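Student: I have a structure open and want to go through its bonds and contacts. Can you take me through it?

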Amino acid sequence: MNIIITSAGRRVSLVRAFQKEIKKLVPHGKVFAADADPEASAACHVADGYIEVPLLNQPNYIEKLINFCKANDIKLIIPTIDTELILLAKNEQLFETNNIHVVISSEEFILKCRDKRIIHDFFESKGVARAKEYTKDNYSLPLYIKPLDGSRSVDNYIIKSKSELREYHFKNDKLMFLEYLDHNEYEEFTCDLYYDKNNILKCVVPRKRIEVRDGEVNKGLTLYNDLVPYIKEHLSYIEGARGCLTSQFFKHKNNNSIYGIEINPRFGGGFPLSYLAGANFPKWIIQEYLFDLEIEESFDVWENNLLMIRYDDEILVHGYHG
């Protein structure tokens with residue numbers, strides 16, 4: 001009853017969280033990692049073992065992953081990056097026939113999340129406000145530009161004057177011109193949401209983004225605020241949602257207005273704060289998918305006002321010749 005975390009990269013904290021939780025329930029359980037360059041992956045070196053996998057666009061990726069899982073008694077796959085989600089979701093039944101569970105949302109819901117325009121429409125259908133999208137010949141300044149399928153804040157721009165606009169912004173059809181939600185008026189939150197196998201919301205942890213580095217939270221704070229009952233009211237059930245969802249919201253500082261920004265149907269880089277605060281998603285995943293247990297509502301199990309300050313650490317690999 002082992003676990004593998006794919007595209008492990010530098011997700012050391014996530015590997016360690018699953019290692020800690022599986023030992024409590026399966027004393028001899030192990031957590032493996034997969035990466036295209038495992039010798040250069042910190043998470044692979046702290047895992048109980050690892051596999052070098054082909055790039056996602058290679059035809060033998062799924063076959064190699066399944067064979068490794070079967071050889072190492074791995075029953076649970078935890079994906080971590082956007083680009084692998086569709087591939088794994090498409091092959092979910094193939095994994096199931098080999099008695100391997102992938103903790104992943106449905107392909108249909110993942111596709112919604114990958115397109116920012118579609119997820120904006122999804123928010124609207126759930127009664128959640130979203131930023132207005134302008135046409136490129138009729139917009140108001142300031143505005144926010146981002147790609148409809150982007151991640152990690154790549155190609156994101158705050159435009160306050162026409163002089164900052166470039167031909168690239170107009171010619172790139174993937175770039176959206178959006179209403180700018182001023183950080184002087186709004187606070188930005190990343191919320192970790194847990195959905196059980198039946199697509200029912202079981203936990204919400206809002207994390208205030210205090211400082212971001214390379215698109216990932218470097219300083220964050222858990223806050224039990226209006227977002228918890230708001231998300232419970234509007235997103236208590238999402239067709240196809242399973243496991244950890246990482247969703248961004250903007251909350252006005254002085255009134256009750258809340259805007260939905262995006263949803264990533266996977267663990268986010270800042271999830272360790274929610275885990276350390278007491279939202280034990282790894283434990284719930286193991287209980288649900290390995291022991292077929294029902295997960296209870298857990299909206300008040302985590303510590304409020306917990307500040308996380310990240311710093312760089314070292315992983316040493318002796319005798320490295322790569």
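Tutor: What follows covers cysteines, a helix pair, salt bridges and two single residues, all in a predicted model.

Student: Cysteines, then. How many disulfides are there?

Tutor: The count is zero disulfides.

Student: Why is C191 not in a bond with C203?

Tutor: The sulfur of C203 is the closest cysteine sulfur to that of C191, but the distance is 11 Å, which is too far for a bond. A disulfide here needs the two sulfur atoms within 2.5 Å.

Student: And what about C244, how far is the nearest cysteine sulfur?

Tutor: That is again the sulfur of C203, 9.6 Å away, and C244 is in no disulfide.

Student: Is C191 buried or exposed? And C244, buried or exposed?

Tutor: C191 is buried, at 0% relative accessibility. C244 is buried too, with a relative accessible area of 4%.

Student: Changing topic. How do α6 and α7 pack?

Tutor: Helix α6 covers residues 107-114 and helix α7 residues 116-125; their axes are 5 Å apart, at an angle of about 105°. The two helices are therefore roughly perpendicular to each other.

Student: Which residues make that contact?

Tutor: From α6, they are F109, K112, C113 and R114. From α7, they are K116, I118, I119 and F122. Sorted by type, five of the contact residues are nonpolar, none is polar and three are charged.

Student: Now charges. How many salt bridges are in the whole structure?

Tutor: A search finds 19.

Student: Start with D82. What does D82 pair with?

Tutor: D82 forms a salt bridge with R266, and the closest N and O atoms are 2.7 Å apart. D82 is in helix α4 (residues 82-90), while R266 is in the loop between β14 (258-264) and α10 (271-277), so the pair ties together parts 184 residues apart in sequence.

Student: Are those two buried or exposed?

Tutor: Both D82 and R266 are buried.

Student: What does E187 pair with?

Tutor: E187 forms a salt bridge with K208, with 2.8 Å between the closest N and O atoms. This pair links distant parts of the chain, with E187 in strand β10 (residues 186-195) and K208 in strand β11 (residues 201-213), 21 residues apart. K208 counts as partly exposed, at 23% relative accessibility.

Student: And K219, what is its partner?

Tutor: K219 forms a salt bridge with E211, the closest N and O atoms being 3.1 Å apart. K219 is partly exposed, with a relative accessible area of 27%. E211 is partly exposed as well, at 33%.

Student: Which residues are joined into one network by shared partners?

Tutor: Salt bridges that share partners join D82, R114 and R266. R114 is also one of the α6 residues in the contact with α7.

Student: Last topic, single residues. Where is N199, and what does N199 touch?

Tutor: N199 is in the loop between β10 and β11, and is buried, with a relative accessible area of 8%. Leaving out residues up to four places away in sequence, N199 touches S236, Y237, I238, E239, G240, A241 and R242.

Student: And where is F250?

Tutor: F250 is in strand β13 (residues 243-252), and counts as buried at 8% relative accessibility. Beyond four places in sequence, the residues F250 touches include L181, H183, Y186, S257 and I261. Another of the residues F250 touches is E187, which forms the salt bridge with K208.

Student: How far is F250 from E39?

Tutor: They are 39 Å apart in space, C-alpha to C-alpha, and 211 residues apart in sequence.

Note on methods: Residues are numbered from 1 along each chain as its sequence is written. This is a predicted model: local features need pLDDT of at least 70, side-chain atom pairs count only at pLDDT 80 or more; totals for chains, interfaces and linings use all residues. Side-chain values use heavy atoms; hydrogens and water are left out. Buried means under 20% relative accessible area, exposed over 50%, partly exposed in between (1.4 Å probe, protein chains only). Axes are lines fitted to C-alpha atoms, for helices over the stretch in contact, and angles run from 0 to 180 degrees between N-to-C directions. Helices (H or I, at least four residues) and strands (E, at least two) are DSSP runs, numbered from the N terminus. Angles under 35 degrees count as roughly parallel, over 145 as roughly antiparallel, 65 to 115 as roughly perpendicular and the rest as oblique. Contact means heavy atoms within 4.5 Å. Ala, Val, Leu, Ile, Met, Phe, Trp, Tyr, Cys and Pro count as nonpolar, Asp, Glu, Lys and Arg as charged, and the others, Gly among them, as polar. A salt bridge is a side-chain nitrogen of Lys or Arg within 4 Å of a carboxyl oxygen of Asp or Glu.
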